[in-house]
Amino acid sequence: MKLAFYKSANGDVLDTLIDLWSGRYGYSHVELVFDRISTDTSKGSLCFSSSPREGKCRFKNIHLTNKHWCVIDIPCTRVEEEQFYSKCFQYVNAKYDYYGIFFWYIFPIKKEKLKKWWCSEIISYILNHPKYHVTPNHLAKFYNVPKSEFKLILNKTWRIK
């Protein structure tokens with residue numbers, strides 16, 4: 001099983017803002033990758049996450065190119081991966097938690113909603129982390145993922161290394 005972190009430098013303004021707001025470590029989204037469950041990679045890797053683009057938790061086949069993604073292995077057995085995979089099905093079609101991000105990080109109103117999720121939150125929850133209200137950058141740091149390039153998008157593009 002793997003985690004795939006989306007490099008915010010290759011995204012849009014929203015990706016840049018997420019990275020800025022969550023520590024400038026270089027990532028704006030994360031996917032849980034089930035590589036042992038789905039071995040047909042012609043359609044991409046089988047991933048699970050909560051996506052603001054789709055507005056919900058979903059499974060999706062994604063081509064995880066090195067240009068856009070940083071993919072790392074996470075230690076687990078085949079049985080554990082199957083258990084995580086089954087747990088994901090309980091949350092398919094759960095809404096994306098726009099307000100949760102805003103109120104959890106911008107205003108300190110810590111209200112639990114197990115019906116709405118953001119990407120790193122649902123993945124941390126699926127993987128049984130005790131503190132699962134985290135950003136993609138926090139999750140990347142937890143798994144010792146190398147820092148990615150940061151790009152600030154305003155009227156022009158600046159690259160900060």
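## A walk through the predicted fold

Val-145 is found in the loop between H5 and strand S8 (150-153). This is a predicted model, and that loop residue makes a handy way in. With a relative accessible area of 1%, Val-145 is buried. Which residues is Val-145 in contact with, leaving aside its neighbours within four places in sequence? The list is Phe-5, Tyr-25, Tyr-27, Cys-70, Ile-72 and Ala-140. Take Ile-72 from that list: Val-145 and Ile-72 are 73 residues apart along the chain, yet their C-alpha atoms are separated by 7.4 Å.

Another loop residue to look at is Arg-24, which lies between helix H1 (13-21) and S2. Its relative accessible area is 36%, so Arg-24 counts as partly exposed. The C-alpha atoms of Arg-24 and Lys-147 are separated by 8.8 Å, with their positions 123 residues apart along the chain.

Now for the whole chain. There are 5 helices and 9 strands in the protein chain, and from the N terminus on the elements run β-α-β-β-β-β-α-β-α-β-α-α-β-β. Of the 161 residues, 46% are buried. Among contacts with a separation of 6 or more, residues 24 or more positions apart account for 61%.

**The cores**

In soluble globular proteins, nonpolar side chains tend to be buried together. Here, the largest nonpolar core has 30 residues, and Leu-3, Phe-5 and Leu-32 touch the most other members. At least two residues of this core come from each of strand S1 (2-7), S2, S3, strand S5 (69-73), H2, H4 and helix H5 (136-142). H4 gives the largest share, 4 residues. There is also a second, separate core of 7 residues, which includes Ala-4, Cys-47, Ile-62 and Leu-64.

What does Leu-32 touch, not counting residues up to four places away in sequence? Its partners include Met-1, Lys-2 and Leu-3, then Leu-46, Cys-47 and Phe-48, and further along Ile-74, Cys-88, Ile-123, Ile-126 and Leu-127.

**Helices H2 and H4**

Helix H2 covers residues 78-89, and its 12 residues should span 16 Å at 1.5 Å a residue; the end C-alpha atoms are 17 Å apart, which agrees. Which residues of H2 are buried? They are Glu-81, Phe-84, Lys-87 and Cys-88. Seen down the axis of H2, these buried residues fall within an arc of 120°, so they line one face of the helix. An α-helix has 3.6 residues a turn, so residues three or four places apart point the same way. The buried residues of H2 pack against strand S2 (27-33), strand S3 (45-51), strand S4 (56-62) and helix H4 (119-126).

One of those buried H2 residues has an aromatic partner: the charged end of Lys-87 sits over the ring of Tyr-125, 4.9 Å from the ring centre.

As for H4 itself, 7 of its 8 residues are buried, so this helix is largely enclosed by the rest of the structure. The buried ones are Cys-119, Ser-120, Glu-121, Ile-122, Ile-123, Ser-124 and Ile-126. After H4 comes Asn-128, whose phi is positive, near 65°.

**Aromatic rings**

The structure holds 15 aromatic pairs. Two that share Phe-59 are set out here.

| Pair | Centre to centre | Angle between planes | Geometry |
|---|---|---|---|
| Phe-34 and Phe-59 | 6.2 Å | 50° | tilted |
| Phe-48 and Phe-59 | 5.0 Å | 55° | tilted |

Where do these residues lie in the chain? Phe-34 is in the loop between S2 and S3 and Phe-59 is in strand S4, so their pair ties together parts that are 25 residues apart in sequence. The pair of Phe-48, in strand S3, with Phe-59, in strand S4, also links distant parts of the chain, 11 residues apart.

Are the three rings' residues buried or partly exposed? Phe-34 has 0% relative accessibility and counts as buried, and Phe-48, at 0% relative accessibility, is buried too. Phe-59, at 22% relative accessibility, counts as partly exposed, because the buried class stops under 20%.

Zooming out a little, ring pairs link Phe-34, Phe-48, Phe-59, Tyr-85 and Phe-89 into a cluster.

Terms used
Residues are numbered from 1 along each chain as its sequence is written. This is a predicted model: local features need pLDDT of at least 70, side-chain atom pairs count only at pLDDT 80 or more; totals for chains, interfaces and linings use all residues. Side-chain values use heavy atoms; hydrogens and water are left out. The expected span of a helix is 1.5 Å times one less than its number of residues. Buried means under 20% relative accessible area, exposed over 50%, partly exposed in between (1.4 Å probe, protein chains only). The arc is that of the directions from the helix axis to the C-beta atoms. Contact means heavy atoms within 4.5 Å. A nonpolar core is a set of buried Ala, Val, Leu, Ile, Met, Phe, Trp, Tyr and Cys residues joined through side-chain atoms within 4.5 Å. Rings of Phe, Tyr and Trp (its six-membered ring) pair if their centres lie within 6.5 Å; planes under 30 degrees apart count as stacked, over 60 as edge-to-face and the rest as tilted. A charge sits over a ring if NZ of Lys or CZ of Arg is within 6 Å of the ring centre and within 35 degrees of the ring normal.
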